[in-house]
Amino acid sequence: MSKTEREEVSARTIWVDADACPVVIKEILFKASQRTKIPLVLVANHFMRVPAVAQIQFRQVEAGFDIADNWIVQHCQLGDLVVTADIPLAFEVIEKGALALNPRGQLYTVSNIKQRLNMRDFMEKLRSSGVQTGGPDALNQKDRQTFANELDRWLGKNSPKV
């Protein structure tokens, strides 16, 4: 995204690590962006359809390890919201002064991100040694509601005043 494109996006933007973001969460984000006129940028390495609305954009990046993550880190700014389940990405955007929210509605913060990163690394070591750790439970209604509530809190503080 060029500087001119970024200026068109505005002071506060929602960025989505869209490759792994559940469809139901994208739908919540689409509705919220349309309702509040807050810019929403989905970043993925494969094509996806987004509503044809001026403030909703899709950026397709090259396929490859962390290409989409790096693009988001490069373009997000202080106060922006990044929706991701990727803990290393969350860590990087928090270091830049953005906020990170996972699709289950858990807000990553300066005070909890290092602990989550350490746990992620520990679980990765277990898996690489052959231990079956299982994955997360399926996204449920409570998760969707928690996500929507956290998103609404952020929107309440950051939506353009009309």
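The following dialogue explains how several descriptive terms apply to this predicted model.

User: How are the residues numbered, and what does the predicted model require of its values?

Analyst: Residues are numbered from 1 along each chain as its sequence is written. In this predicted model, local features need pLDDT of at least 70 and side-chain atom pairs count only at pLDDT 80 or more, while totals for chains, interfaces and linings use all residues; side-chain values use heavy atoms, with hydrogens and water left out.

User: What makes a stretch of the protein a helix or a strand, and how many are there?

Analyst: Helices are DSSP runs of H or I with at least four residues, strands are runs of E with at least two, and both are numbered from the N terminus. The protein has 6 helices and 6 strands. Their order from the N terminus is α-β-α-β-β-α-β-α-β-β-α-α.

User: Why is N102 called buried?

Analyst: A residue is buried under 20% relative accessible area, exposed over 50%, and partly exposed in between (1.4 Å probe, protein chains only). N102 has a relative accessible area of 6%, so N102 is buried. N102 stands in the loop between β5 (99–101) and β6 (107–108).

User: Why is D80 called buried, and why is D66 called partly exposed?

Analyst: The relative accessibility of D80 is 0%, and therefore D80 counts as buried. D80 belongs to the loop between α3 and β4 (81–83). D66 has a relative accessible area of 29%, so D66 is partly exposed. In the protein as a whole, buried residues make up 42% of the 162 residues.

User: How do you know that N102 and Q106 make a polar contact?

Analyst: A polar contact is a pair of N or O atoms within 3.5 Å; within protein, one must be able to donate a hydrogen and the other to accept it, and residues adjacent in sequence count only if both atoms are side-chain atoms. The side chains of N102 and Q106 are joined by a polar contact of 2.7 Å. The side chain of N102 also reaches the backbone nitrogen of R104, at 2.8 Å.

User: Which residues is N102 in contact with, leaving aside its neighbours within four places in sequence?

Analyst: Contact means heavy atoms within 4.5 Å. With those neighbours left aside, N102 is in contact with T84, A85, Y108 and F147.

User: What is notable about the phi of D66 and of K37?

Analyst: Most residues other than glycine have a negative phi. D66 is not a glycine, yet its phi is positive, about 65°; D66 lies in the loop between β3 (56–60) and α3. K37, also a residue other than glycine, has a positive phi near 70°, and K37 is placed in the loop between α2 (23–36) and β2 (40–44).

User: What caps the N-terminal end of α4, and which residues of α4 are buried?

Analyst: D86 caps that end, with a side-chain oxygen 2.9 Å from the backbone nitrogen of L89. In helix α4 (residues 87–95), the buried residues are I87, L89, A90, F91, V93 and I94. After α4 comes G97, whose phi is positive, near 100°.
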